[in-house]
Amino acid sequence: MNKKVCILDYGSGNVTSVKNALDRLQIENIVSNDPLAIDRSTHLILPGVGAFSSSMDKIEALLPIDKIREQVSMGKPFLGICVGLQVLAEYGHEFQQRRGLNFFPGSNVIVLPSTVSVPHVGWNSIKILQNHKILKGLQSEADFYFVHSYQVTDISPDYTVATCDYGVEFPAILVKDNLIGIQFHPEKSQRNGDLILRNYVEVFA
Amino acid sequence: MKKKRVIPVLLLKEGWLVQSKNFNEYKKLGNAQMAVQRLSDWDSDELIYLDISSTPTFTTNRSDTAAPEYADLADLLYEVSKVARMPVTIGGGIRSLSDIENRLKAGADKISINRGALADPSLISRASREFGSQCIVVSVDYLEAEGSRKLYVSDHEDFVGKHKDVTTWLLKIQDAGAGEVLLNSVTRDGNKCGYDIEYLDEASSLLEIPIIACGGAGNWDHLSEVLTKTAVDAVAAANIFHFQDQSVFLARKHLFSQGLPVRPPSINKDRV
């Protein structure tokens, strides 16, 4: 079956960057929130640039959440990037407490420790804790581009595939069945990011 | 390990890449999209473009330049972001949240505010609340005088009157929710004399948010000097990256070989 990615657009994700990356990789894609387009796609991506609560407000206003939940529960691969990962948590604590999409019950999104310069912006290496097919072809200590002030916490080690060290060791890649969350920006991480995006579409599921 | 960033800056004037000296002399260097393609092929850590156009529309109606033309900044960003494999920060002319949203939509990853923040500091807090502080870079231009650093704004002298001292302004923008500061010495702009180590050291130990140092790079050792002697998170330069083939690769190779914490130098092998 031909692969087709549906990129969800809630107004503050860097949708264009994700689309440009997929276009460069010649992965068929569409930017749409239309339930029909979501049905017809083989993979979903929720990009992210933004603060937790304003992102959740826009997600609830603009995305067909029930349709997305239905597709995810039926096994369609779903990738959340940066804030798109963070909103999969149960609660966010950026500016105010806000309930997330709760794909990881019990998890929280909290600010990075004050011992380091925040936001965490730039290239950092990841530490691989579980061998997983999303990492196929990557070398250890691979660098990726991060830009965030908050991190996910209270996540089961079962789901934590890779972490990153920045004053604290926080989850960089989470996988729960067909659901994957990535704290860095694969669409902006050159060769290593291209590998992850290709693996997501061709190998992950 | 977190790496220090090496960031090429592109100055854009009416859609063209230009070289600047002391913020008042400009020389056309070429087409913006081709420049971005090169910097992307050399695996730049990031890219900053600052738009300093004096008109909102760029079309010259000339057909003899053999270069693509862009109607306006959004049109240019849209085309340029297709070839940018690295994060892109856009600055210039940002006065409102919708200006920010439009640039993000056109393919920017972060935005840089300068005068818009001086005119209305609440723009920083409103923008960081809406888009997250990690998306908001505040660009600060200053002049060096003996023992002091003064804010520089090319016109609008009244702003300078309000926020004379650079350090006070830096603390204020940090409190307002800025995610990063692009700290640029106008005195050194285009002069190849090395960075303002003294002030970058002071500012980087004072601020909690990352500082991007800019102004004065004349050779790769100037970059090493900033990364060795100050706690800045990134080192940026414009002119030095536009006159040499594989400049960004060579810069990182130089820093990497000195044991500085930068990404190993690389080239996009699919294209080069």
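**Exercise 1.** Determine which residue follows helix 7 of chain B and what sign its phi has, and then establish which residues of this helix are buried.

*Solution.* Helix 7 of chain B is followed by Gly177(B), whose phi is positive, near 110°; helices (H or I, at least four residues) and strands (E, at least two) are DSSP runs, numbered from the N terminus. The model is a predicted one, in which local features need pLDDT of at least 70 and side-chain atom pairs count only at pLDDT 80 or more, while totals for chains, interfaces and linings use all residues. Residues are numbered from 1 along each chain as its sequence is written, and chains are lettered from A and ligands numbered from 1 in the order in which they are written.

The next step is burial, where a residue is buried if 20 or more other C-beta atoms lie within 10 Å of its own, exposed if 12 or fewer, and partly exposed in between, with C-beta atoms placed from the backbone. In helix 7 (residues 166–176) of chain B, the buried residues are Val166(B), Trp169(B), Leu170(B) and Ile173(B). Seen down the helix axis, these buried residues fall within an arc of 105°, so they line one face of helix 7 of chain B; the arc is that of the directions from the helix axis to the C-beta atoms. On the other side of this helix, Thr168(B) and Asp175(B) are exposed.

**Exercise 2.** Work out how strand 4 of chain A is placed between its partners, beginning with the directions in which its residues point.

*Solution.* From strand 4 (residues 78–81) of chain A, Phe78(A) and Gly80(A) point one way and Leu79(A) and Ile81(A) the other way, and all are buried. Strand 4 of chain A pairs in the parallel sense with strand 3 (residues 43–46) of chain A over three bridges, and two strands pair if DSSP finds at least two bridges between them. With strand 13 (residues 179–182) of chain A, strand 4 of chain A also pairs in the parallel sense, over four bridges. Leu79(A) is the bridge partner of Ile45(A), and in strand 13 of chain A the bridge partner of Leu79(A) is Ile180(A).

**Exercise 3.** Identify which strands stand at the edges of the open sheet of chain A that has the order 6-5-7-10.

*Solution.* This open sheet has four strands, with mixed pairing. Strand 6 (98–99) and strand 10 (150–153) of chain A stand at the edges, each with a single partner strand, so one side of each is left without a neighbour in the sheet. Strand 5 (residues 89–92) and strand 7 (residues 104–111) of chain A pair in the parallel sense over three bridges, and Ala89(A) stands opposite Phe104(A) in strand 7 of chain A.
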